[in-house]
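Visitor: Hi, I have a structure open and I'm not sure where to start. Can you walk me through a few spots?
Guide: Sure, here it comes.

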Amino acid sequence: MRTELCLVLVGASLLMHDTDAIQKVSMQQQLEQVVAGFAGVVGIAARNLITGEEVALNADARFPTASTIKTAVMLEAYHQAADGKLPLDSRIVLRESDKVGGSGVLNGMSDGLELKVADLIHLMITLSDNTATNMLVTRLGARQIDDRLTHYGLTQTKIFRPTFRDGRADVFPELEREFGLGMTTPREMATLMALIAEGKAVNAEASAKMLATLRRQQDRAMIPRSLPPGDGIEIGNKTGTDSEKLPDATGRRGAIRADAAIVTGPGTKYVIAIYTRRGADPSYGIDNAALLAGARISRIVFDGFAGKGR
């Protein structure tokens, strides 16, 4: 009887092991199918912070960051605040010369408006405000932001300049010519998100504040798009939208769409970064092909990871 029970237990254990392997292969295969059907280049990195399971496709390829690099700007702002160099409650005056186009609201505000560093961080992340970003990058320093990323082991993640300054890099001008505002790999951006999620970015208090800010981010068109509402699921993410700086062999400048997120809920805690470049669909609507593909990728990873910590 004991022998039979042991055999049953061993068999059940092997079956569970095989099932996990099948699910992992299935998730990877589903991701490969989505990527194969996309007209452009896709990179994916996702890590389950409870089980350690990872999935990746082109995870170490370098991609333009577009506005996802603003998470790194936030990281450096919190570091300099912790060091007393630029306190979060210190005030910066908005000048007409600070204003740039694109996303945000500060370019429509009055000259002379005073804003706290904390307010600029909020606008930079939640609304992807380019003017707020530039006011921070100018004071923090692109090189200091990049040095900080290197300290965390993120050697392929860099910001080159403030926004709307194409061709005028503060650092690494040869890379800026291809990547624009910034550069990263899906794996490194997922790692940055994991540092925040696990309380290892600056310190636990700063990490919690950064996560809270990411959760207030307004663009939900890619990673959060197809995830189930309710059930205690919370998503903190930062998106990016741009066009290639250099044309391809056919002379076309492809579309860039990206999103990186921390997803948490009951028995669920994972990070995911999805980057696309050379996209054939240049449209700026919510049904851009890259956003739809990214939403499908996000749901596949959610279905593969969610609840595994229960």
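We will look at one residue, then a surface patch, then some salt bridges.

Guide: One thing before we begin: this is a predicted model.

Visitor: Okay. Where is T126 placed?
Guide: T126 sits in helix α3, which covers residues 117-126.

Visitor: Is T126 buried or exposed?
Guide: T126 has a relative accessible area of 4%. Buried means under 20%, so T126 is buried.

Visitor: What does the side chain of T126 reach?
Guide: The side chain of T126 reaches the backbone oxygen of H122, at 2.6 Å.

Visitor: And which residues does T126 touch, leaving out those up to four places away in sequence?
Guide: With those left out, T126 touches T213, R216, Q217 and Q218.

Visitor: Let's go to the surface. Which residues form a nonpolar patch?
Guide: V105, M109, L113 and L127 form one. Together they have about 280 Å² of accessible area.

Visitor: Where does L127 lie?
Guide: L127 is in the loop between α3 and α4, and α4 spans 130-140. L127 counts as partly exposed, at 34% relative accessibility.

Visitor: New topic. How many salt bridges does the count come to?
Guide: The count comes to 20 salt bridges.

Visitor: Show me one. What do the side chains of R161 and E176 do?
Guide: They meet in a salt bridge, at 2.7 Å from N to O. R161 lies in the loop between β6 (158-159) and α6 (173-179), and E176 lies in helix α6. So the pair ties together parts that are 15 residues apart in sequence.

Visitor: Are R161 and E176 buried or exposed?
Guide: Both R161 and E176 are buried.

Visitor: Got another? What about D170 and R165?
Guide: Their side chains meet in a salt bridge too, at 2.4 Å from N to O. D170 is partly exposed, at 39% relative accessibility. R165 is also partly exposed, at 22%.

Visitor: And how do E234 and R215 meet?
Guide: Through their side chains, in a salt bridge of 3.6 Å, N to O. E234 lies in strand β8 (residues 234-243) and R215 in helix α8 (residues 204-215), so the pair ties together parts 19 residues apart in sequence. E234 is partly exposed at 39%, and R215 is partly exposed at 28%.

Visitor: Last one. Which residues are joined into one network by salt bridges that share partners?
Guide: R161, D166, E176, D242 and K245 are joined that way. You have already met R161 and E176 as a pair.

How values were computed
Residues numbered from 1 in each chain as written. Predicted model: local features only at pLDDT ≥ 70, side-chain atom pairs only at ≥ 80, totals over all residues. Heavy atoms only, no water. Helix = DSSP H or I, 4+ residues; strand = E, 2+ residues; numbered from the N terminus. Buried < 20%, exposed > 50% of the residue type's maximum accessible area, 1.4 Å probe, protein only. Polar contact = N/O pair within 3.5 Å; in protein donor to acceptor, adjacent residues only side chain to side chain. Contact = heavy atoms within 4.5 Å. Patch = residues over 30% accessible without salt bridge, like charges linked within 9 Å, V, L, I, M, F, W, Y side chains within 5 Å. Areas by Shrake-Rupley, 256 points an atom, 1.4 Å probe, with all protein chains shown as cover. Salt bridge = Lys/Arg side-chain N within 4 Å of Asp/Glu carboxyl O.
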